[in-house]
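Colleague: Please take me through this one. I would like the reason behind each label as we go.

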Amino acid sequence: MDALKPGTLLNSHYRIEEVVGRGSFGITYRVRDTEDLLEKNIALKECFPCEGCTRNSETGRIEAEAPEEYNAAIASMLEEACTLASIKHPGVVAGRVTFYCKATNSVFCGMEWVEGKSLHGKMEEVKNGQAAVFSTQTLQKWLMSILDALKCIHNNKVMHLDIKPANIMFDKADNPILVDFGAALNRNLKEGLTIVSTYTPAYAAPEQTSGRGKIGPWTDFYSLAATFYEMLTGHPVAEYGRGDIPEPENAGEPLAKTIMRNLSFAPKERCQSADEWFEMLVPSTQQMKSAMERLIRDCCKALTQSRKNEDLCPDDVRSICDKLCDYWTEHCTVVPEAIAELVQKVKKTVNLKKIDREESLTKSGAVLGGAAGVGAIAGGAAVGAGVGQGVVASAVAAVFGGPVLLPVALMAGGGAAIGLAAKALLTNAEKRIARKAYAQLVEDVGAAVEQCWPEYKSRWKP
Ligand SMILES: Nc1ncnc2c1ncn2[C@@H]1O[C@H](COP(=O)(O)OP(=O)(O)O)[C@@H](O)[C@H]1O
Ligand SMILES: [Mg+2]
């Protein structure tokens, strides 16, 4: 099928800039809308869903050998296209479809232009040594985003049916986007037409290539697993033909395990829904709870050790709280309310206790320091109130007052000593408060994780 030439004005305002893709389902162009002053790039896909179509080189129109069937196919596709256009998900190009229009006796689908590379391009770079091998974290992150996109399209009763590296693009923020819904559009076409086969054998599920077996979400999962197997091991699944697919090196890890499961020949042995696959990738509530408890314990150990095995103090508890929040933001897009509330409560409690302590210390210190101050004034030295100053005051009194004032000075010194003892006593009380807050925190975090994790795991970042 000949593509429209660059410079062609479609519907008198979409100017063809270049051909960016030529698949079995149609031709994808980069075009600009000359009526739009911004003249942004638009991805425009021209459809021709059946064989036996040719382009009239003079008019540019597509002419079909069986016009009636061709028209029925176009109408059916448009119907399906409306479902697709209603799917709004950042990881589905359908959500970026901005218009459909008719021209050249065909249908054109206009989409936002995605600037990033395709996964195929990224994989080529790795192969050529121009980019580092994908990390497990990256693979898991991409896989989870794609599963979320697939969940959305499957919920709309649409199957993609042509998932492969070339049909996964990336936006500017490096988030994957599923493109090319040609196979999905073709699926509902009526009999009587020679529909071009739209799947790609190297990534297609056995039920697609054999034409036997029910098509469903598991069909997309096979292709997705084949795509990720290739990224994980560097070997395309197709390399093994009908033989056994070797286990990846890190076969015990959830990522590799789920990939292998979804490469099962029998659809029933694969995941049946995106959620099912997702569940296998994220930690369970219990695992998350243990991770949090471990984090609190490790924090506590590190903090007390850094202070030469002394007990916890309120500052430590507050810093453990901060670590908890950091952990959540590192692994989840947001800190769940239950955790945030808990952290605030603990921080406030230890803060309040600290204020209480400081107040009582200042009061007792002021009284004792006052006594010392009297002694010091008698000795001719002017000093203020305060626990620490009591010591200075007694020394000053001793120096300036001489033997006459010694009893007063001793009294002042005694006051200071009592002040210091009171401080130590209160520090112990403070430590008790910190220990109690810590124990409570460990207990409450467990309960909070149980409460919020099921809801937040969809925001888990590997
Ligand atoms: N929205 C888009 N923005 C930028 N490029 C796109 C967009 N959609 C498709 N492409 C590019 O065009 C190629 C072909 O489009 P695709 O929809 O996959 O059709 P096909 O594989 O049937 O030719 C893609 O691999 C991609 O490189
Ligand atoms: Mg494609």
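**Labels and their reasons**

Modeller: Let's start with Val158, which is in contact with Thr83, Leu84, Ile153 and Ala184 once its neighbours within four places in sequence are left aside. Two residues are in contact if their C-beta atoms, placed from the backbone, lie within 7 Å. Bear in mind that this is a predicted model, where local features need pLDDT of at least 70, side-chain atom pairs count only at pLDDT 80 or more, and totals for chains, interfaces and linings use all residues. Residues are numbered from 1 along each chain as its sequence is written, with chains lettered from A and ligands numbered from 1 in the order in which they are written.

Colleague: Why does Val158 count as buried?

Modeller: A residue is buried if 20 or more other C-beta atoms, placed from the backbone, lie within 10 Å of its own, exposed if 12 or fewer, and partly exposed in between. Val158 has 22 such neighbours, so it counts as buried. Its place is in the loop between helix H3 (136-155) and strand S9 (168-170); helices (H or I, at least four residues) and strands (E, at least two) are DSSP runs numbered from the N terminus. As for Leu84, it is 74 residues from Val158 in sequence, and their C-alpha atoms are 7.9 Å apart in space.

Colleague: Leu84 belongs to H1, I see. What makes the buried residues of H1 line one face?

Modeller: The buried residues there are Tyr70, Ala73, Ile74, Met77 and Leu84. Seen down the axis, they fall within an arc of 100 degrees, so they line one face of H1; the arc is that of the directions from the helix axis to the C-beta atoms. Exposed residues Glu68, Asn71, Ala75, Glu79 and Cys82 sit on the face turned away from that buried side.

Colleague: How do you know that the span of helix H9 agrees with the expected one?

Modeller: The expected span is 1.5 Å times one less than the number of residues. For the 22 residues of H9 (residues 285-306) that gives 32 Å, and the end C-alpha atoms are 31 Å apart, so the two agree. H1 (residues 67-85) behaves well too: its 19 residues reach 26 Å, close to the expected 27 Å.

Colleague: And what puts the buried residues of H9 on the same side?

Modeller: Met288, Met292, Ile296, Cys299 and Cys300 are the buried ones. They cover an arc of only 110 degrees around the axis, which puts them on the same side of H9. The other side carries exposed residues, among them Gln286, Arg294, Asp298 and Lys301.

Colleague: Which residues touch Tyr438, not counting those up to four places away in sequence?

Modeller: Cys300, Leu312 and Val317. Tyr438 is found in helix H12 (residues 387-456), and although 138 residues separate it from Cys300 in sequence, their C-alpha atoms are 8.8 Å apart. With 22 other C-beta atoms within 10 Å, Tyr438 passes the cut-off and is therefore buried.

Val317 turns up again beside Val346, which is also in contact with Cys321, Ala437 and Leu441, leaving aside neighbours within four places. Val346 lies in helix H11 (residues 337-378) and has 22 C-beta neighbours inside 10 Å, so it counts as buried.

Colleague: Is Glu39 buried or exposed, and why?

Modeller: Exposed, because 11 other C-beta atoms lie within 10 Å of it. Glu39 lies in the loop between strand S3 (26-33) and strand S4 (41-47).

Colleague: What makes the phi of Glu39 worth a remark?

Modeller: Most residues other than glycine have a negative phi. Glu39 has a phi near 45 degrees, a positive value. Leu161 also has a positive phi, about 70 degrees, but Leu161 has 23 C-beta neighbours inside 10 Å and therefore counts as buried. Just after H9, Lys308 takes a positive phi of about 50 degrees.

Colleague: Last stop, the ligand. Which residues come nearest to ligand 1?

Modeller: Of the 20 residues around ligand 1, those are Gly21, Gly23, Ala43, Val114 and Asp180; a residue is near if its C-beta atom, placed from the backbone, lies within 6 Å. Strand S2 (14-22), S3 and S4 each give two or more residues to the shell, and S2 gives the most, with three.
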